Amino acid sequence: GLYEAVNCEPIEELDTACSEIDKVEAGAARKQKPDEEVKHGPDQIPESAKLLSNLAGVWSKLGQHEAALRAASLSKEKAERWARPWSRLAVASWEVGQKHEAVAAYKKAVELEVSKKSLEALQKAVA
């Protein structure tokens, strides 16, 4: 199927590649001019976290929930104060039967960023 065609298995290699992206990004941030504003906290989301979160979304849509779970977990580790990986972690956890983990991840996503979609998903999960 499509999953095999795009060869999505080696997620550990992807994590290594994402670490390299983080290093490049950090180096670029250090080279900023002193008068340029430096963003901190949830406003500065590492590119690798975005990549992994998007990958988790794609794998979920392909029905590859174990891979989505791993990618969402890695994304969450890189950007713990960003709601999106928590939401993707919740979806993947739910699909692999980890209901308690899914509810906890949905709660964290709602805590970080209240959205109608996250609230509805959390309500459905606890019902």
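Start by selecting Trp 82, which sits in the loop between H4 and H5. You're looking at a predicted model, by the way.

**Stop 1: a tryptophan in a loop**

Is Trp 82 buried or exposed? Its relative accessible area is 11%, and the cut-off for buried is under 20%, so Trp 82 counts as buried. Now show what's around that side of the loop. Leaving out residues up to four places away in sequence, Trp 82 touches Ile 45, Ala 49, Lys 50, Ser 53, Ser 75 and Leu 112. Next, pick Glu 113 as well. Trp 82 and Glu 113 are 31 residues apart in sequence, yet their C-alpha atoms are 8.0 Å apart in space.

**Stop 2: the whole chain**

Zoom out and switch to a cartoon view. How many helices and strands does the protein have? There are seven helices and zero strands, so a walk along the sequence reads α-α-α-α-α-α-α. Of the 127 residues, 35% count as buried. Look at contacts between residues at least 6 apart in sequence, and 55% of them join residues at least 24 apart. Turn on the surface too: the protein exposes about 8200 Å², with carbon and sulfur atoms supplying 52% of that.

**Stop 3: H5 against H6**

Hide everything except H5 and H6. Two packed helices are described by the angle between their axes and the distance between the axes. Here the angle is about 160 degrees and the axes are 8 Å apart. Anything over 145 degrees counts as roughly antiparallel, which is why H5 gets that label relative to H6. H5 passes H6 in a left-handed crossing. To see who makes the contact, show side chains: on H5 they include Ala 83, Trp 86, Leu 89 and Trp 94, and on H6 they include Lys 99, Ala 105, Tyr 106 and Leu 112.

**Stop 4: the largest nonpolar core**

In soluble globular proteins, nonpolar side chains tend to be buried together. Which members of the largest nonpolar core touch the most other members? Select Trp 59, Trp 86, Leu 89, Ala 105, Tyr 106 and Leu 122 to see them, out of 19 residues in this core. The elements giving two or more residues to the core are H3 (47-61), H4 (65-78), H5 (83-95), H6 (99-112) and H7 (116-126).

**Last stop: Leu 122**

Finish by centring on Leu 122. Setting aside neighbours within four places in sequence, Leu 122 is in contact with Val 103, Tyr 106, Lys 107 and Val 110. You met Tyr 106 a moment ago, in the H5 and H6 contact.

Technical notes:
Residues numbered from 1 in each chain as written. Predicted model: local features only at pLDDT ≥ 70, side-chain atom pairs only at ≥ 80, totals over all residues. Heavy atoms only, no water. Core = buried A, V, L, I, M, F, W, Y, C linked by side-chain atoms within 4.5 Å. Buried < 20%, exposed > 50% of the residue type's maximum accessible area, 1.4 Å probe, protein only. Helix = DSSP H or I, 4+ residues; strand = E, 2+ residues; numbered from the N terminus. Contact = heavy atoms within 4.5 Å. Areas by Shrake-Rupley, 256 points an atom, 1.4 Å probe, with all protein chains shown as cover. Axes fitted to C-alpha atoms, helices over the stretch in contact; angles between N-to-C directions. Parallel < 35°, antiparallel > 145°, perpendicular 65-115°, else oblique. Left-handed = near helix turned anticlockwise from the far one by under 90°.
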